[in-house]
Amino acid sequence: MATNPSAFDKDFGYLLPFLDKVAAAAAGLEDPQAREELTRLMAEEKVRWERARELLRGASGKGGGRSAAGESPESSLARASADDVHRAAPGPSGLTVGSLKGAGAAPKSQRR
């Protein structure tokens, strides 16, 4: 099933500036190691989302194998960092996916 890539433009329009905002907030952290880690995590995450956007727009895939052959050092680092994050936090995040529009509002039939 083909997907219209422009269907995600609005979402990327919110996501990418949000990642920039989190990265900018990292500068205010007192702990230098936390500051460096958060800055790196946001940079890696932004690279992954930009790649997802490219793929949605028709870019060729690089294959699904886990082999490091042909990978740039940056992509290997990003993959290793992401793998470590997933191993360290396997529990549920409590986050939901979907529209937040009207998320706290009572149904119209119950409003007074």
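I looked up Arg40 first in this predicted model; with a relative accessibility of 26%, Arg40 is partly exposed. I then searched for its acidic partner and found Glu44, in a salt bridge whose closest N and O atoms are 3.4 Å apart. I noted that Arg40 and Glu44 are four residues apart in helix H2, and therefore about one helical turn separates them. I checked the accessibility of Glu44 as well: its relative accessible area is 7%, so Glu44 falls under the 20% limit and is buried.

I next asked which residues are linked with Arg40 in a network of salt bridges. I recorded Glu36 and Glu44 as the residues joined to Arg40 in that network.

I turned to Glu45, also in helix H2. I found that Glu45 forms a salt bridge with Arg48, with 3.2 Å between the closest N and O atoms. These two residues are three apart in the helix, about one helical turn. I entered Glu45 as partly exposed at 26% relative accessible area, and Arg48 as partly exposed at 31%.

I then examined Lys46 and found its side chain in a salt bridge with that of Asp20, at 2.6 Å from N to O. I placed Lys46 in helix H2 (residues 32-56) and Asp20 in helix H1 (residues 9-26), so this pair ties together parts that lie 26 residues apart in sequence. I noted both partners as partly exposed: Lys46 has a relative accessible area of 25%, and Asp20 has one of 38%.

I closed by looking up the total for the structure, which holds six salt bridges.

Notes
Residues are numbered from 1 along each chain as its sequence is written. This is a predicted model: local features need pLDDT of at least 70, side-chain atom pairs count only at pLDDT 80 or more; totals for chains, interfaces and linings use all residues. Side-chain values use heavy atoms; hydrogens and water are left out. A salt bridge is a side-chain nitrogen of Lys or Arg within 4 Å of a carboxyl oxygen of Asp or Glu. Buried means under 20% relative accessible area, exposed over 50%, partly exposed in between (1.4 Å probe, protein chains only).
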